[in-house]
Structure formats: structure tokens, C-alpha cells
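Hi there,

Here is the structure I promised to pass on. Have a look at it first, and then read on for my notes.

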Amino acid sequence: MNFGVKVEAGEKVQRMIEMTLAGETVSLPIFIIRGRKDGPTLAVTAGVHGTEYASIEAALRLGRTLNPEDISGKIVILPITNMPSFRKRTIYVGPHDGKNLNRVFPGKADGTFSEALAYQVFNELIRKADFYIDLHGGDMNEALVPCLIYAPSGNEEIDSVSVSMAESFGIDLVVKGEKPGKSYYSASHAGIPAMLAEAGGQGIWTEETVNIHIRGVKRVMGYIGMMGEKPDRRPIKVFPFPWLFSEHDGLFYPQVTVGDKVSKGQKVGSVCDFFGTELQAALSPTNGTILFLVTSLAINKGDPLMGIGG
Ligand SMILES: [Zn+2]
């Protein structure tokens, strides 16, 4: 059972589930597809950030089209995890408490809205699964190149499965996410192999970016023996993933674009005041590729500017 919803072998359930969290009632679509044959349980979330539309549309399409006849085991899909953020089109944070849902996992039952939502998703979905995939993309104000993230847990067995999931997904660029609070970090540290996929951005969803997510999830389903054939796995090199942040409220003038290769110490952008005075010269902390880049002129102290890996 996930969120109190029971699904029999050979059955598919798609419905809204209702939760009251920190005094707010929220309804979320869920798809649970259970094959007749036994197999693993895969949990998939999207819309942890509510404006990452390529990943949300991909999760909805997977939910609508996957057929229990084709599956061994069970896939549970939560395509719009952060419904208030989706409805209000908020970037990074939810409208109820101003918190980033993907910084508060594994959550708190009696916490703020985002903390209580993370708690429900972690305990009712992720913890009950054998494998977990979280689908993201650039936020409304971010361009990015498709990449994957996994969080090393220190347990070699779990970590090698997380890496194999990433090798199966079909995107070559893989970086490490080493800070707690993320859903995939909480999953791998709870013994559930997990990965995050990033594709799409800037509020735009194209067939190409939607299909990167759909194809990737299906390939991972092949790897874990849920459907189809085992995909080819390409050995990958995992890179660190440092981010640059703004030190001021101001305007952001990047000097690079996503996909650019940069070297350590290279100037990659400026944060300026309204009169053009540079407040911060942003220097790359490493050699690597610009994986995501904030494209809004408005920038606030503490906002990310870009992430560099690969
Ligand atoms: Zn995201």
C-alpha cells in the first residue's frame, strides 16, 4: 500500500490522493501499476520542483501509458509531488512555507508544509520501494544540459546499484550529490538505490526532453528486471558538482552558456548593481562543463548562479 491505496496483481490504479499537511489540504495524482508477475517495486517522483515541466509531463505519460501486462513488480509514480508549487508556478520553494522541498528530506511529520510533505513522500513511497528515481530539470529560470545525480551512501552494494541505474538511464554525464536534504540522498542513505535525472528547463518542455526522461525510466526498468530487455550500460565517470552562489541582491550577467567547458579560476559571470558596478566576479572553482545556469536577470543573495561538473 502507498498512501493507503491498495493495488492487486495485474491492476493499474490512477487517482487523486488527498493529504492535510500543516493545516493545508492538497490533492495529488498517483499512478500505481502492478504486474501479474512478481518483481521489484520502483518509486518515481517528478514535480518536487513545480515548474520542471519536461520531467512532470514525462511522469504523467509514463503513468498513463504503462500497462500492468508488460510489468513484473510494481511502479508507483507521483508526477506532481509539489502541487502548490506547480499551481502557483513557484521556482525552488513552495508557496506555503518558502522552503525548498528537495532540501528537507526525509521530512518531519509535524513540520511545516514542505517538511510534512517530504515525510509523507519518504515514508509512503520511497521507503516502500526497492529502487527510486526522482525526475527534475532546470527550474523556470534555469537552462541545463541533461545530467544525472546520485548520492554515495558509503554502502558499496547500494552505491554500485545506484551507479548501474545511472549507467542504464542513457545520459553520460553523472555527478555526485553529497548534501543531505535531497530525496535521492535520503533514499540511498536508507538503503534504497536511487538517482536523479535532469532534463529540460526554463519552463519549456519539448518532446525531446520529455522523451529523455521516459526513455531513461524505461531503461532503468529494464535493468532492474521489470520490463523489456536489459539495456546496454555505458561505464561512466562520476564528477563532483560544485555550485556558485550569488553573494548579493542584484543583476546576474553570465559570461558562459550551458554546455560550455570552463577552467578553474575562469571568470564565468558577474553580479552587478543597477548602475553596472560589479559586486561579485564569479570564478569557476573547477575545470568542467556548465551543467546548469540561472538565466534570470534578477538574482538574490544566496541564489545559485550555476553548477559545474563533468
Ligand atoms: Zn529540480
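Below are my notes on the metal site and then on the strands around β3.

Please keep in mind that this is a predicted model.

Let me start with the zinc ion. Its protein donors are ND1 of His-49, two OE atoms of Glu-52 and ND1 of His-136, at 2.1 to 2.3 Å from the metal. Along the chain these donors are spaced as H-x2-E-x83-H. Glu-52 and His-136 link distant parts of the chain, being 84 residues apart: Glu-52 is in the loop between β3 (37-46) and α1 (53-65), while His-136 belongs to strand β5 (residues 131-136). Both of these residues are buried, Glu-52 with a relative accessibility of 4% and His-136 with 2%.

What is the geometry of the zinc site? The site is irregular, with angles of 57 to 143 degrees among the four donor atoms. For comparison, four tetrahedral donors would ideally give 109.5 degrees. The site counts as irregular because a tetrahedral one needs all angles between 85 and 135 degrees.

Now to the strands. β3 is largely enclosed by the rest of the structure, because seven of its ten residues are buried. β3 runs parallel to strand β4 (residues 72-78), with six bridges between the two, and Thr-41 sits opposite Lys-74 of β4. The chain goes from β3 through α1 to β4 in a right-handed β-α-β crossover. β3 also pairs with β5, again in the parallel sense, over five bridges; here Leu-42 has Phe-131 as its bridge partner in β5.

Happy to hear what you make of it!

Best wishes

Definitions and conventions
Residues numbered from 1 in each chain as written. Predicted model: local features only at pLDDT ≥ 70, side-chain atom pairs only at ≥ 80, totals over all residues. Heavy atoms only, no water. Donors = N, O, S within 2.8 Å, 3.2 Å for Na, K, Ca; no water. Tetrahedral: all angles 85-135°; square planar, octahedral: opposite > 155°, others 65-115°. Helix = DSSP H or I, 4+ residues; strand = E, 2+ residues; numbered from the N terminus. Buried < 20%, exposed > 50% of the residue type's maximum accessible area, 1.4 Å probe, protein only. Pairing = 2+ DSSP bridges. Right-handed = clockwise from strand over helix to strand, strands pointing away.
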